[in-house]
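Me: I am new to this structure and would like a close look at a single part of it. Please take one strand and its surroundings, and walk me through them step by step.

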Amino acid sequence: MKIGNDWDEKLNIVWKSEGFKKFMDIIKKEYDTKTIYPPKDYIFNALKLTSYENTRVVIVGQDPYHGEGEAHGLSFSVQKGIKVPPSLQNIYKELESDLGIPPRSDGDLTGWAKEGVLLLNAVLTVIKDTPASHRKLGWERLTDYIIKLLNEKETPVVFILWGNFAKEKQKLITSPRHLVITSPHPSPFSARYGFFGSKPFSRTNEFLKKNGLKEINWARKE
């Protein structure tokens with residue numbers, strides 16, 4: 001395993017463990033025998049684009065989009081040329097309401113990742129057209145460990161947890177120096193029950209500014 005930044009050192013004990021090697025053999029077999037998303041090269045895209053040192057915000061997703069061409073390793077994000085999913089449309093609506101940033105025509109959140117927003121799915125792969133198909137396969141051990149590592153950071157981090165699945169991770173965030181923002185999921189089924197109006201973007205930037213950290217440019221595209 002090689003991410004190409006400081007995550008390699010942080011996760012070295014994981015990469016070298018026999019348990020993780022056996023798990024990756026299972027994942028490889030899945031790719032060899034089924035249609036799995038995202039493409040192999042994008043599995044660890046969130047870590048590649050947002051180093052440990054640069055992570056100021058974490059947005060936890062559930063698992064990748066399961067439609068063709070959608071997922072590219074970033075929670076809530078889809079590749080360019082793909083229709084913006086309903087949950088992301090609602091995220092854009094809240095962003096406009098909160099900070100006045102108009103919705104974008106595409107759903108590629110690479111710019112956020114480069115700003116220091118770790119767009120981390122709890123499960124990093126999925127079988128085509130089968131949501132949650134790789135849940136409890138083993139990815140959660142890795143992503144829980146990543147959240148624990150971020151909890152140990154001396155600089156404050158904002159953890160944004162949308163929906164019950166993401167809120168399960170809150171127990172891993174124990175340091176009082178961090179900010180945890182929770183709300184219902186932005187999906188059309190739940191957004192009106194507290195996601196809209198929750199102002200996660202301005203609250204994040206206010207917290208970062210208060211702690212002497214650079215605010216996130218939520219309008220950044222690349």
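Reply: This is a predicted model. Start with a helix and what lies under it. Helix α9 covers residues 200-210. It lies across three strands: β2, β5 and β6. Its direction makes an angle of about 165° with that of β5, which spans 158-162. The strand to follow from here is β2, residues 57-61.

First, the sheet. Strand β2 belongs to an open sheet of four strands. Read across, the order is β3-β2-β5-β6, and the pairing is parallel. The edges are held by β3 (117-121) and β6 (179-183). Each of these two has a single partner strand, so one side of each is left without a neighbour in the sheet. The strands do not lie exactly in line. On average, neighbours in this sheet are turned by 20° against each other, with direction ignored.

Now the partners of β2. On one side is β3, joined to β2 by five bridges. The two strands run parallel. Two pairs help you place them. Val-57 stands opposite Val-117 of β3. Gly-61 faces Asn-121, also in β3. On the other side is β5. Four bridges link β2 and β5, again in the parallel sense. Here Val-60 of β2 has Leu-161 of β5 as its bridge partner.

Next, burial. How many residues of β2 are buried? Five of the five are, so the strand is largely enclosed by the rest of the structure. A residue counts as buried here if its relative accessible area is under 20%. Both faces of β2 are covered. One side carries Val-57, Ile-59 and Gly-61, and these are buried. The other side carries Val-58 and Val-60, which are buried too.

Then look at the spaces. The largest pocket holds about 420 Å³. Its lining has 21 residues, and those closest to its centre are Gln-62, Asp-63, Pro-64, Tyr-65 and His-185. By class, the lining of this pocket has ten nonpolar, nine polar and two charged residues.

There is also enclosed space. Across the whole structure, a search finds one cavity of 30 Å³ or more. The largest cavity has about 40 Å³ of space. Its lining consists of Ile-43, Phe-44, Asn-45, Ala-46, Leu-47, Gly-73, Leu-120 and Leu-124. Which element gives the most to this lining? Helix α4, residues 45-49, does, with three residues. Six of the lining residues are nonpolar, two are polar and none is charged.

One more pocket completes the tour. The second largest pocket has about 220 Å³ of space. Among its lining residues are Val-14, Phe-20, Phe-23, Leu-137, Arg-141 and Tyr-145. Two elements, α3 (18-33) and α7 (139-151), give two or more residues to this lining. Its classes are six nonpolar, three polar and one charged.

To return to the strand: β2 has β3 and β5 as neighbours in the sheet order, and both of its faces are covered. Helix α9 lies across it.

Methods: Residues numbered from 1 in each chain as written. Predicted model: local features only at pLDDT ≥ 70, side-chain atom pairs only at ≥ 80, totals over all residues. Heavy atoms only, no water. Pairing = 2+ DSSP bridges. Axes fitted to C-alpha atoms, helices over the stretch in contact; angles between N-to-C directions. Contact = heavy atoms within 4.5 Å. 1 Å grid on protein atoms, 1.4 Å probe; cavity = no way out; pocket = protein on both sides within 12 Å on 5 of 7 lines; lining within 4 Å. Points joined across faces, edges and corners; volume = space filled by probe spheres on them. Nonpolar A, V, L, I, M, F, W, Y, C, P; charged D, E, K, R; others polar. Buried < 20%, exposed > 50% of the residue type's maximum accessible area, 1.4 Å probe, protein only.
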